[in-house]
Amino acid sequence: MGIFSNEHDNKVVVLKMAIMVVVVVMVSSTAYAAGNFFNDFESTFGGHRVQISGPGSEQLALSLDQGSGSGFRSKKEYLFGRIDMQMKLVPGNSAGTVTTLYLTSDQSTGRHDEIDFEFLGNVSGQPYTLHTNVFSQGQGNREQQFHLWFDPTSNFHTYSIVWNPKLIMFLVDETPLRVFRNYENKGITFFPKSQPQKIHASLWNADDWATQGGLVKTDWSKAPFTAFYRNFNIDTSADGKWRNHDLDANSRSRMEWVQKNYMVYDYCIDWKRFSQAFPPECKHSKFE
Ligand SMILES: *[C@@H]1O[C@H](CO)[C@@H](O)[C@H](O)[C@H]1NC(C)=O
């Protein structure tokens, strides 16, 4: 009996040690891997339509039905940094839906800053439009829109915003789509640089304008619509690469390729809209 219980105790000790090793390995590896939605984010609207899942709370689903859309935001706010989010968009007929990932400062001030990714849905087989915009002190009107070179509904892709005092860069799977620069040394003050921003995401119905200018309405018989977010990363570290992130020869030619083949709207060449005067940054090359 005594021998048996000693043996049993030893086994328990060995087992406990093994569990501790596993736990330590798990904790230290997740610290460098995907962020945890449960710890870092909170829901903004839509109640049960915001669903966190995965063993490390690394996946989040938003859904939209006729009752409501849904959304979430970071608990913390950030002044500069790099945000990466993997997203998989609403498949099939997503016309009328808008899925977003954006940064914004407090909008109640009337002078808020904002950096936007908005994915405008489409009828089956037609491409999503990725809409980007930058707001400074409550003013926007800096839209550029793109189609994508892949189907954003069949797999997760990484959408990133790099925001440092010199530039804002929008990237998809590390390919830059757009660079918006701070030209204050040239006397242009339009650049978000003093108000901290929270990370927001949402899925909502905008069928009054989103798809083909509002002509195509949401097909509610396909509801609920669902978009997935996963494995986010927020880098605000003092020695992070994002601080000096800029175009190099390779990323510059990638961006030229995207802009030549996939850009469908650029405010800087919209002569009808800005017949009086283009916004001042339009006269500068986006490459410098
Ligand atoms: C939807 O598809 C049409 C036709 O291909 C395209 O012109 C449009 O840019 C697409 N996106 C939206 C949001 O309407």
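The following exercises, each with a worked solution, concern the ligand site, the strands and a few individual residues of a predicted model.

Residues are numbered from 1 along each chain as its sequence is written, and side-chain values use heavy atoms, with hydrogens and water left out. In this predicted model local features need pLDDT of at least 70 and side-chain atom pairs count only at pLDDT 80 or more, while totals for chains, interfaces and linings use all residues.

**Exercise 1.** Describe the residues around the ligand by class, and give the distances from the ligand to Asn122, Pro127 and His147.

*Step 1.* A residue is taken as near the ligand if one of its heavy atoms lies within 4 Å of it, and the residues around the ligand are Leu120, Gly121, Asn122, Gln126, Pro127, Thr129, His147, Ala210, Thr211 and Gln212.

*Step 2.* Ala, Val, Leu, Ile, Met, Phe, Trp, Tyr, Cys and Pro count as nonpolar, Asp, Glu, Lys and Arg as charged, and the others, Gly among them, as polar; on this scheme the shell has three nonpolar, seven polar and no charged residues.

*Step 3.* An N or O atom in the side chain of Asn122 is 2.4 Å from an oxygen atom of the ligand, a polar side-chain atom of His147 lies 3.0 Å from a ligand oxygen atom, and a backbone N or O atom of Pro127 lies 3.3 Å from a ligand nitrogen atom.

*Step 4.* The ligand taken alone exposes 360 Å², of which the protein buries 70%, with areas from the Shrake-Rupley method and a 1.4 Å probe.

**Exercise 2.** State the strand order of the open sheet of seven strands, and explain why strand 2 and strand 12 stand at the edges.

*Step 1.* Strands are DSSP runs (E, at least two residues) numbered from the N terminus, and two of them pair if DSSP finds at least two bridges between them.

*Step 2.* The order is 2-3-14-5-10-11-12, with antiparallel pairing.

*Step 3.* Strand 2 (50-53) and strand 12 (175-181) each have a single partner strand, so one side of each is left without a neighbour in the sheet.

*Step 4.* Ignoring direction, neighbouring strands of this sheet are turned by 20° against each other on average, the axes being lines fitted to C-alpha atoms.

*Step 5.* Strand 11 (residues 167-172) pairs with strand 12 in the antiparallel sense over six bridges, and Val172 has Thr175 in strand 12 as its bridge partner.

**Exercise 3.** Work out whether Thr175 is buried or exposed, and which side chain it contacts.

*Step 1.* Buried means under 20% relative accessible area, exposed over 50%, and partly exposed in between (1.4 Å probe, protein chains only).

*Step 2.* Thr175 counts as buried because its relative accessibility is 4%.

*Step 3.* Its side chain is joined to that of Arg254 by a polar contact of 2.9 Å, where a polar contact is a pair of N or O atoms within 3.5 Å and, within protein, one atom must be able to donate a hydrogen and the other to accept it.

**Exercise 4.** Describe the burial of strand 8 and its pairing with strand 7 and strand 9.

*Step 1.* In strand 8 (residues 129-135), seven of its seven residues are buried.

*Step 2.* Thr129, His131, Asn133 and Phe135 point one way, while Leu130, Thr132 and Val134 point the other way.

*Step 3.* Strand 7 (residues 114-120) pairs with strand 8 in the antiparallel sense over seven bridges, with Asp116 opposite Asn133.

*Step 4.* Three bridges join strand 8 to strand 9 (residues 144-146), again antiparallel, and His131 has Gln145 in strand 9 as its bridge partner.

Technical notes
Helix = DSSP H or I, 4+ residues; strand = E, 2+ residues; numbered from the N terminus. Axes fitted to C-alpha atoms, helices over the stretch in contact; angles between N-to-C directions.
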